Each structure stands twice: as C-alpha cells, then as structure tokens.
Amino acid sequence: MTEQPTFHIDTLELGPMENFVYLIQDHKSGRAAVVDPAWDVDRIVELAKQRGVEITDILLTHSHHDHINGIEELLQHYDAQMHLTHAEAKFWDRYLDLPTLHHGGDVITLGDTEIRVLHTPGHTPGSACFHVGDQLIAGDTLFVFGCGRCDLSGGDPEQMYQTLRHIHSDLPGNTILLPGHNYAIKPTSTLDEQVSGNPFLHFHDSGRFVQYRMHVHDRNRNDPYGPVSQQEVDALEL
Ligand SMILES: [Fe+2]
C-alpha cells in the first residue's frame, strides 16, 4: 500500500505577471503555508477558508516585488510566521519583522508535513526552492521549459548554472515542478520532462550557459515556452 501524502497543494494564478501562489495544507493539523503571497490576498484568504485551514506560515522563494506584495495584507488576516533564507534577508534591504531565516537543507515543519528548503542562488543570492513530498516549488529558479533571469540586481548566471545542475542531479526525475510563473504551454511538469525539453538543462559548461542566459535566450524565445531539444541547444553558436 502506498502511503497517502500528509498534505495537499493548491495553486492560484494571480496578478498581471502570471504569478503562481501555492497553498500547502497539512491535513491533520489544518495548518497551511502560503508560498509567495502577492497581488490578490482576498483570493488567498478565500481559498484557505474554503479548505478550512489556518495560514500559519509564509514561505518566500525570493524577495522580488511580484512575489511578496501581499505579505502585509495577509498578516492582517493571519498571525503567520515568515520564512526565507539568510542570504535573501541579507540581500533584501527592507525591514523584516522577525522572520525565521534558513540555510539550505533546513526543514520547515507544518504539522505532519516536512518542507525542505533548498538554497538555489542565481536569480537572486538567496533564492529558495521548497521540496515537499514529490513536489518542488521552484519560485523563479526553474520554470517549465525556462529559468529565471540573471541580469537583475543580485542575479548571477554562473550560480544559476550550478543551481540547475544540483536540482537535476539531486532530485528524482518524477519530481513535480511547481514554478513561480505561468510562462509555459502548461502550468506544471516533471523534472524528467524538463531534463529532456528545458534548454537551460542542456548545457555541459557554464560558459555557454552564461552566454545563452545573458545574451541569447531573451532575443530568441517568447512565452509561452515549449520544449527545446538537446540538439537545438548543441547547434547554437555561442
Ligand atoms: Fe523574481
């Protein structure tokens, strides 16, 4: 008999930038964690009420405006604890009201559900992914058939290259990818499917990756993103 998961994740697509906001709900305790509360807090609160859960935690994949602009309003509804990485707190020049700061590898406990924090720098210095069960909530690190840009303040394409290598090598192929934006032909995918169709997972050296991420990709691809083969990437003159 396969074990039933202790949790359920609902997805909301909110705001003008097609952000995905996730609500992780622990069945037994009735606790819930919102990942990247932004844009339309009423919808988040409404969903939590519908599900009969209490939002006790706020998890941030990173500190960009489009992922955090609902925090204050959400805190008017729930006394929730905020979580982010040490590195992102250092990068984020704003007052933080006693958040819990994490290193990669830390586990956030939500009732019976364990959420593992992965420190995944590249898009920002303290970007995080949250690994829960067989699902990876990836923020702006890994998108379906894409990855986060590295040309904004704190971005680093060399780090992104290493981060994506780690995700590829450390997580099982059947891991379900839950990205931070709806930029692709479908909202979710598996790591296996990304390994075969995500151009950013087709590089074997950081030099070519950096060139592609920083100077080539945005001029040659438009969303919604679809699969790109290994051969297509190998044929690029970079
Ligand atoms: Fe971002």
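Reader: How many bridges join strand 13 to strand 14, and in which direction do the two strands run?

Author: In this predicted model, strand 13 (residues 176-179) and strand 14 run antiparallel and are joined by two bridges. One residue pair can be named: Leu177 has Ser189 in strand 14 as its bridge partner.

Reader: Which sheet contains these strands, and in what order do its strands lie?

Author: The sheet is open, with six strands in the order 7-8-9-10-13-14 and mixed pairing. Its edges are strand 7 (107-110) and strand 14 (189-190), each of which pairs on one side only.

Reader: Which residues donate to the iron ion?

Author: The protein donors are His62 (NE2), His64 (ND1), His123 (NE2) and Asp140 (OD), at 2.2 to 2.3 Å from the iron ion. Their spacing in sequence is H-x1-H-x58-H-x16-D. His62 belongs to the loop between strand 4 (54-59) and helix 2 (65-68), and Asp140 to the loop between strand 10 (135-139) and strand 11 (142-143), so this pair ties together parts that are 78 residues apart in sequence. Both His62 and Asp140 are buried.

Reader: How should the angles at the iron ion be read?

Author: Ideal angles for four tetrahedral donors at a metal are 109.5 degrees. Here the angles among the four donor atoms span 86 to 174 degrees, and the site is irregular.

Reader: Is Leu84 buried or exposed?

Author: A residue counts as buried under 20% relative accessible area. Leu84, in strand 5 (residues 81-85), has a value of 3% and is therefore buried. Its contacts beyond four places in sequence include Leu60, Trp92 and His102. Leu84 and Ala128 are 44 residues apart in sequence, with their C-alpha atoms 7.6 Å apart in space.

Conventions
Residues are numbered from 1 along each chain as its sequence is written. This is a predicted model: local features need pLDDT of at least 70, side-chain atom pairs count only at pLDDT 80 or more; totals for chains, interfaces and linings use all residues. Side-chain values use heavy atoms; hydrogens and water are left out. Donors are N, O and S atoms within 2.8 Å of the metal (3.2 Å for Na, K and Ca); water is not among the atoms, so sites may look incomplete. Four donors count as tetrahedral if all angles lie between 85 and 135 degrees; four count as square planar and six as octahedral if opposite donors are over 155 degrees apart and all others between 65 and 115; anything else is irregular. Helices (H or I, at least four residues) and strands (E, at least two) are DSSP runs, numbered from the N terminus. Buried means under 20% relative accessible area, exposed over 50%, partly exposed in between (1.4 Å probe, protein chains only). Contact means heavy atoms within 4.5 Å. Two strands pair if DSSP finds at least two bridges between them.
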